[in-house]
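This briefing goes through one protein model, from its overall build to single residues. Please keep the structure open while reading.

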Amino acid sequence: MAIRKRPLVVVTRKLPDSVETRMRELFDARLNLDDSPLSKAALIEAAKQAEIIVPTVTDKIDAALIAEAGPQLKLIANFGNGVDNIDVEAAVKKGIAVTNTPRVLTEDTADMTMALLLAVPRRLVEGASVLISGQEWTGWSPTWMLGHRIWGKRLGIVGMGRIGQAVARRARAFGLQIHYHNRRRVPVEIEEELEATYWESLDQMLARMDIISINCPHTPATYHLLSARRLKLIRPEAYVVNTARGEVIDENTLTRLIEAGEIAGAGLDVFEHEPAVNPRLVKLAKAGKVVLLPHMGSATVEGRVEMGEKVIINIRTFMDGHKPPDRVLPSTL
Ligand SMILES: NC(=O)C1=CN([C@@H]2O[C@H](COP(=O)(O)OP(=O)(O)OC[C@H]3O[C@@H](n4cnc5c(N)ncnc54)[C@H](O)[C@@H]3O)[C@@H](O)[C@H]2O)C=CC1
Ligand SMILES: O=C(O)C(=O)CO
């Protein structure tokens, strides 16, 4: 079935105004102006009617939904970098292409990773909340509000891709020693630039780091990559930062180990059962042991506009009969 010149494009969430305006100019765009997430039934309806769907990372486009899609559905153009919300294999098997929005959110997400990496050991949120909570502050004291030094510590990055490398570049400026574990060793020029030490064994790396940053995607292979067994290898003085996906860590065990003082703390932008946040984590946040953010890694005005522009480029290239620049294939996951 040929794709029309102005295809029906269903967009599941409100996007930046400039992106929506351009989409209206180019496509028969069905926008979601009030931004309420689409129900499963509405998503199925979209899959039955649209030639192109633009979901976001919170829309589950699973095999069951793809099975319901009509033959007119040709492209799922994700507004998001991670594609763990989409069953890419099922889509591609049915002849539906999938694209995402990499690169434009790398630097913003790396900034937020650094923000968490600094905030937890240096007790940033705890300190700031003293001044806005109405508690009396009696002034500077030699022994009050002491955190731990970042400079000179060992940072272990799990997933040395675009964001992992951007984190490493920033972390070097903060005097951290860079260590990493990745599916494949990165080219030697990158290792040299980052003065990064590669660990083939994730277990061995985890046992030796002061701070661990999770920057790999959530895939079947990385679900609970930081399992209960591996989390127990982490030193009691160490911190865990996760701006990738909650499912990569056994969150329940991480919570228990922080409660027990067997891991020093964590900075989390993502959660295993998002948007639900474990109340025990919230309690730990109130106690200053963890810093929690509501999935804000890429949340900049500039980034969101560029993500939208990427979605449009992917759609237009696809409609012109070419390979979209950000095509996702099961083999690349
Ligand atoms: N918090 C937020 O708002 C955001 C979160 N993200 C998350 O960050 C993830 C990473 O993004 P990028 O760096 O752009 O992706 P990328 O594809 O450039 O890098 C991911 C790295 O993880 C490695 N990896 C994959 N499976 C692995 C495994 N089993 N063991 C070890 N390493 C493995 C890959 O080889 C690759 O080097 C995304 O998939 C997404 O889930 C991305 C953007 C914003
Ligand atoms: O793009 C992603 O993968 C996110 O998590 C949100 O930007």
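Helices here are DSSP runs of H or I with at least four residues, strands are runs of E with at least two, and both are numbered from the N terminus. On that basis the protein, which is a predicted model, has 13 helices and 12 strands. Its radius of gyration is 22 Å, close to the 20 Å that the globule rule gives for 333 residues, so the protein is as compact as a globular protein of that length.

**Overall build**

- The C-alpha trace spans about 70 × 50 × 30 Å along the principal axes of the protein.
- Of the 333 residues, 50% are buried.
- Among contacts with a separation of 6 or more, 62% are between residues 24 or more positions apart.

**Surface and charge**

- The exposed area of the protein is about 16,400 Å², and 55% of that area is supplied by carbon and sulfur atoms.
- There are 43 positive and 41 negative side chains.
- The centres of these two sets of charges lie 2 Å apart.

**Nonpolar cores**

- The largest nonpolar core has 29 residues, of which Leu117, Leu155, Ile157, Met160, Ile178 and Ile211 touch the most other members.
- Three helices and three strands are listed as giving two or more residues to this core: helix 5 (106-119), helix 7 (162-173) and helix 8 (188-194), with strand 6 (154-158), strand 7 (177-181) and strand 10 (239-242).
- Helix 5 provides the largest share of this core, 6 residues.
- Apart from neighbours within four places in sequence, Leu117 is in contact with Ile150, Leu155, Leu176, Ile211 and Val241.
- A second core, separate from the one above, has 28 residues, including Leu206, Ala266, Phe271 and Val290.

**Ile214 in strand 9**

- Ile214 belongs to strand 9, which covers residues 211-214.
- The relative accessibility of Ile214 is 0%; the cut-off for buried is under 20%, and Ile214 therefore counts as buried.
- Leaving out neighbours within four places in sequence, Ile214 has contacts with Val158, Leu226, Val241, Asn242, Thr243, Ala244, Val248 and Ile249.
- Val88 and Ile214 are 126 residues apart in sequence, and their C-alpha atoms are 23 Å apart in space.

**Backbone features in loops**

- The peptide bond between Glu274 and Pro275 is cis, with omega at about 5 degrees.
- Pro275 sits in the loop between strand 11 (265-268) and helix 12 (279-286).
- Arg123 is not a glycine, yet has a positive phi of about 55 degrees.
- The loop that holds Arg123 runs between helix 5 and helix 6 (124-132).
- Arg123 counts as partly exposed because its relative accessibility is 26%.
- Met145, also not a glycine, has a positive phi of about 60 degrees.
- Met145 lies in the loop between helix 6 and strand 6.
- With a relative accessibility of 22%, Met145 counts as partly exposed.

Note on methods:
Residues numbered from 1 in each chain as written. Chains lettered and ligands numbered in written order. Predicted model: local features only at pLDDT ≥ 70, side-chain atom pairs only at ≥ 80, totals over all residues. Heavy atoms only, no water. Rg over C-alpha atoms; globule rule 2.2 N^0.38 Å. Buried < 20%, exposed > 50% of the residue type's maximum accessible area, 1.4 Å probe, protein only. Contact = heavy atoms within 4.5 Å. Areas by Shrake-Rupley, 256 points an atom, 1.4 Å probe, with all protein chains shown as cover. Lys, Arg positive; Asp, Glu negative; His and termini not counted. Charge placed at Lys NZ, Arg CZ, Asp CG, Glu CD. Core = buried A, V, L, I, M, F, W, Y, C linked by side-chain atoms within 4.5 Å.
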